[in-house]
Amino acid sequence: MTKTQSVEELARSVAQGIAASPTTSATQAGQTERGSTDREALVEAINQVFALFRLNYANQFYAAWPDASELNQVKRLWLDALKDYPPEMILRGARYAIEHSEYLPNLSRMHDSCQQSLSEMGLPTVRDAYLEACNAPSPKAAYRWSHPAVFHAGAATDWYFLANNPESVSWPVFRERYLEVVLRATKGEALTLPAPPAEPETPENTLSLEERKAALSELRKETGL
């Protein structure tokens, strides 16, 4: 990649040529549900990730996966391991990995890169979002959330469910809901927070000192005290 050619430009060029590439065909990457738009989008994302890696880490790429059959097995592994992420987030993760390391990422680092890519969008990581949602006091609408996505994910998970179930039960549900909200955000949806509850009105002394004295004097006349 030249200094003037951005990762975004590479992604576009990869997307245009990916169908003709013998080592990055969507069918070889493990597509089993041709009628599923979501599945196709995920397969396409995995194909683009590996094509980007091939362009950016050429020597390392061919050293790691010297033949097509091995590469296709790795693609299937990554497809299964990353299936919970929205395709847009997978591509962001790949770009993050390319921009922050000169070494070809493994699957573990790809997971980390997908998480870190959220910060570039102004979003907390899934784990940070989960902890924030679990620890936020009530009323939830009055809490100062790090990002509206955390509130929406918590509400979609159900606050009572989060508060009354162990992490082993609540974490996977919240994670799924949060990634759904993140996908909406990556598609341009403006996430907003509900208006905070109104503070109860407190009686105010609207009368001046002189007015209060006059009222007290009038009260004494009326009662004869």
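Q: In which loop does aspartate 158 lie?
A: Let's start with a spot in this predicted model where the backbone does something less common. Aspartate 158 has phi near 100 degrees, a positive value in a residue other than glycine. Its relative accessibility is 37%, so aspartate 158 counts as partly exposed. The place to look is the loop between α8 and α9 (159-163).

Q: Why does a positive phi deserve a second look?
A: Aspartate 158 is not a glycine, yet its phi is positive. That deserves a look because most residues other than glycine have a negative phi.

Q: Which peptide bond is cis, with omega near 0 degrees?
A: Here is another backbone feature to find on screen. Go to the loop between α7 (126-135) and α8 (148-157), where proline 139 is found. The cis bond leads into that proline, from serine 138 to proline 139.

Q: What pattern does the protein follow along the sequence?
A: The protein has eleven helices and zero strands. With no strands to place, the pattern holds helices alone. Read from one end of the sequence to the other, it is α-α-α-α-α-α-α-α-α-α-α.

Q: What share of the contacts with a separation of 6 or more comes from residues 24 or more positions apart?
A: One pair that is distant in sequence is serine 108 and alanine 81, which are 27 residues apart in sequence and 9.8 Å apart in space, C-alpha to C-alpha. Serine 108 is found in helix α6 (residues 107-120). For contacts across the protein with a separation of 6 or more, residues 24 or more positions apart account for 67%.

Q: Which residue forms a salt bridge with arginine 175?
A: Start from helix α10, the place of arginine 175. Leaving aside neighbours within four places in sequence, arginine 175 is in contact with Asp84, Tyr85 and Val126. The salt bridge has its closest N and O atoms 3.3 Å apart, and the partner is aspartate 84.

Q: How many residues apart in sequence are the parts that arginine 175 and aspartate 84 tie together?
A: Arginine 175 lies in helix α10 (residues 167-186), while aspartate 84 is in the loop between α4 (68-81) and α5 (87-100). The salt bridge between them therefore ties together parts whose separation in sequence is 91 residues.

Q: Is arginine 175 buried or exposed?
A: Buried means under 20% relative accessible area. Its salt-bridge partner, aspartate 84, has 47% relative accessibility and so counts as partly exposed. Arginine 175 has 16%, which falls under the cut-off, so arginine 175 counts as buried.

Q: Over the face of which residue does arginine 175 lie?
A: Besides its salt bridge, arginine 175 has a polar contact of 3.5 Å that joins its side chain to that of tyrosine 85. The arginine also sits 5.2 Å from a ring centre, and the ring belongs to tyrosine 85.

Q: Which residues are linked in a network of salt bridges?
A: By the rule used here, the count comes to six salt bridges. One of them joins arginine 177 and glutamate 176, at 3.6 Å from N to O. Arginine 177 is partly exposed at 24%, and glutamate 176 is partly exposed at 46%. The network is made of Glu176, Arg177 and Glu180.

Q: What is the N to O distance in the salt bridge of glutamate 189 and arginine 184?
A: Both partners count as partly exposed: glutamate 189 has 36% relative accessibility, and arginine 184 has 34%. Their side chains meet with an N to O distance of 3.0 Å.

Q: Which residues form one aromatic cluster?
A: A search of the whole structure finds 14 aromatic pairs. In one of them, the rings of phenylalanine 151 and tryptophan 159 have centres 5.9 Å apart and planes at 45 degrees, so the pair is tilted. Phenylalanine 151 is buried, with a relative accessible area of 12%. The cluster consists of Phe50, Phe53, Tyr57, Phe61, Tyr62, Trp65 and Trp78.

Q: What percentage of the area that the protein exposes do carbon and sulfur atoms supply?
A: Of the 225 residues in the protein, 37% are buried. The protein exposes about 13300 Å², and the part supplied by carbon and sulfur atoms is 52%.

Notes
Residues numbered from 1 in each chain as written. Predicted model: local features only at pLDDT ≥ 70, side-chain atom pairs only at ≥ 80, totals over all residues. Heavy atoms only, no water. Salt bridge = Lys/Arg side-chain N within 4 Å of Asp/Glu carboxyl O. Helix = DSSP H or I, 4+ residues; strand = E, 2+ residues; numbered from the N terminus. Buried < 20%, exposed > 50% of the residue type's maximum accessible area, 1.4 Å probe, protein only. Polar contact = N/O pair within 3.5 Å; in protein donor to acceptor, adjacent residues only side chain to side chain. Contact = heavy atoms within 4.5 Å. Phe/Tyr/Trp six-rings, centres within 6.5 Å; stacked < 30°, edge-to-face > 60°. Lys NZ or Arg CZ within 6 Å of the ring centre and 35° of its normal. Areas by Shrake-Rupley, 256 points an atom, 1.4 Å probe, with all protein chains shown as cover.
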